[in-house]
Amino acid sequence: MSLLISAALLIQTAQGGAPAHAQDQTPDPLRLAINTEVTVSPVSLTDLRLQTPATVADIAKAADGKGWVFLGENHATKLHQQMEADVIEALVKRHRRVIVGLEMITRPKQDVLDLWSADKLKEDAFLTQVDWKGQWGYDYGFYRPVLESVRQHHLPLIGLNVPRDWVRAVGKGGYAALTPEWKAQLPADLSLTNNAHKEVFGALMGGHPMTGPTGDNIYAAQVLWDEGMADTAIKYLAAHPHDSKTVFVVIAGSGHSMYGQGINYRVFKRTGEKGITVQMAQSDGPTQASRGLGDFFYLTTPVAK
């Protein structure tokens, strides 16, 4: 099984290398005891609520009347990014006013994203001006279906992520390391008290998260990551007209939305709004997954990149 764990990057920031975890008794992030389990076979899309096979159209229908769809991907995984594009298309087909938010791009690049949505940039110019390699690094080809869907339908495209300097600073020195200018661009309450999220984070860290001040800072950085992306989306909606047909599609790594405890939790905490969460993973064979993982679960077989 392969789960790309973005939080591991915070360990690397703090220690200058990749994390080493004990292999025994390591919790599986897909199987936390938050709800009963269901067996999922690759390649398949499962409605975890009903424990039945599902389609992309089912996801779009389940989002009726909801303002958010959270798509938790494995990065640079062709079938996952194609699923994201298919969900966007299905929502458009249901006459939703779709906004697409990307973890992959930071806030300062919003002007370039606006040009892309308006179809005013060719692909080469877009990749240069948005600094795709510097912003994300993974081959753009994986994400082309999502970006082409956005351009075709002239959908608003939002760079959700806060500047990575902010996350690195917090990972090393906690919230105190944020400058007054940075703090002014964030919500005042960056709560660290969500125990369910700490359980998910601990599992993503292999069941052996760092402790003490260094561990506290790494966890604070993960919260900043989630809270910052939620904050970007919420501020966009506050500044632009929207109605019951509007749906904000958040595309981020799976660790940012598992069990409703990441960006989705931060959105709910501030707005009271719940959405639909689709979690994605890879496995060579059938996999047990908690029903609490999300509303839908898309499991694919590993493909050579």
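Tyr 259 is buried, with a relative accessible area of 6%. The residue sits in the loop between E7 and H12. Its phi is near 60 degrees, a positive value in a residue other than glycine. All of this describes a predicted model.

Asp 131 offers a second case. Asp 131 is not a glycine, yet its phi is positive, about 55 degrees. This residue belongs to the loop between H5 and helix H6 (132–135). Is Asp 131 buried or partly exposed? Asp 131 is partly exposed, with a relative accessible area of 35%.

Two glycines with positive phi come directly after helices. Gly 272 follows H12, with phi near 75 degrees. Gly 174 comes just after H8, with phi of about 75 degrees. The table sets out the four residues.

| Residue | Location | Phi |
|---|---|---|
| Asp 131 | loop between H5 and H6 | about 55 degrees |
| Gly 174 | just after H8 | about 75 degrees |
| Tyr 259 | loop between E7 and H12 | near 60 degrees |
| Gly 272 | following H12 | near 75 degrees |

Another backbone feature is a cis peptide bond. It joins Pro 42 and Val 43, with omega about -15 degrees. Val 43 lies in the loop between strand E1 (37–40) and strand E2 (44–47).

**Helix H12 and its surroundings**

Helix H12 covers residues 263–271. Which of its residues are buried? They are Ile 263, Asn 264, Arg 266 and Val 267. Seen down the axis of H12, these buried residues fall within an arc of 165 degrees, so they line one face of the helix. They pack against helix H11 (212–239) and against three strands: E4 (68–73), E7 (246–253) and E8 (276–282).

Strand E4 contains Gly 72. This glycine is buried, with a relative accessible area of 0%. Leaving aside residues up to four places away in sequence, Gly 72 touches Ala 252, Gly 253, Ser 254, Ser 257, Val 278, Gln 279 and Met 280. Gly 72 and Gln 282 are 210 residues apart along the chain, while their C-alpha atoms are separated by 12 Å.

**Helix H8**

Helix H8 spans residues 164–173. Its buried residues are Trp 166, Val 167, Ala 169, Val 170 and Gly 171.

**Helix H7 and its partners**

Helix H7 (residues 140–153) packs with helix H3 (residues 78–93) at an angle of about 15 degrees. Their axes are 6 Å apart. An angle under 35 degrees counts as roughly parallel, so H3 is roughly parallel to H7. The crossing is left-handed. From H3, the contact includes Lys 78, Gln 81, Glu 84, Ala 85 and Ile 88. From H7, residues including Phe 142, Tyr 143, Pro 145, Val 146 and Ser 149 take part. How do the residues of the contact of H3 with H7 divide, and how many are charged? There are 7 nonpolar, 5 polar and 3 charged residues.

Helix H5 (residues 123–130) also packs with H7. Here the angle is about 110 degrees, and the axes are 13 Å apart. The two helices are therefore roughly perpendicular to each other. Glu 123, Phe 126 and Leu 127 of H5 meet Tyr 140, Arg 144, Leu 147, Glu 148 and Arg 151 of H7. The residues of this contact divide into 4 nonpolar, no polar and 4 charged.

Terms used. Residues numbered from 1 in each chain as written. Predicted model: local features only at pLDDT ≥ 70, side-chain atom pairs only at ≥ 80, totals over all residues. Heavy atoms only, no water. Buried < 20%, exposed > 50% of the residue type's maximum accessible area, 1.4 Å probe, protein only. Helix = DSSP H or I, 4+ residues; strand = E, 2+ residues; numbered from the N terminus. Arc of directions from axis to C-beta. Contact = heavy atoms within 4.5 Å. Axes fitted to C-alpha atoms, helices over the stretch in contact; angles between N-to-C directions. Parallel < 35°, antiparallel > 145°, perpendicular 65-115°, else oblique. Left-handed = near helix turned anticlockwise from the far one by under 90°. Nonpolar A, V, L, I, M, F, W, Y, C, P; charged D, E, K, R; others polar.
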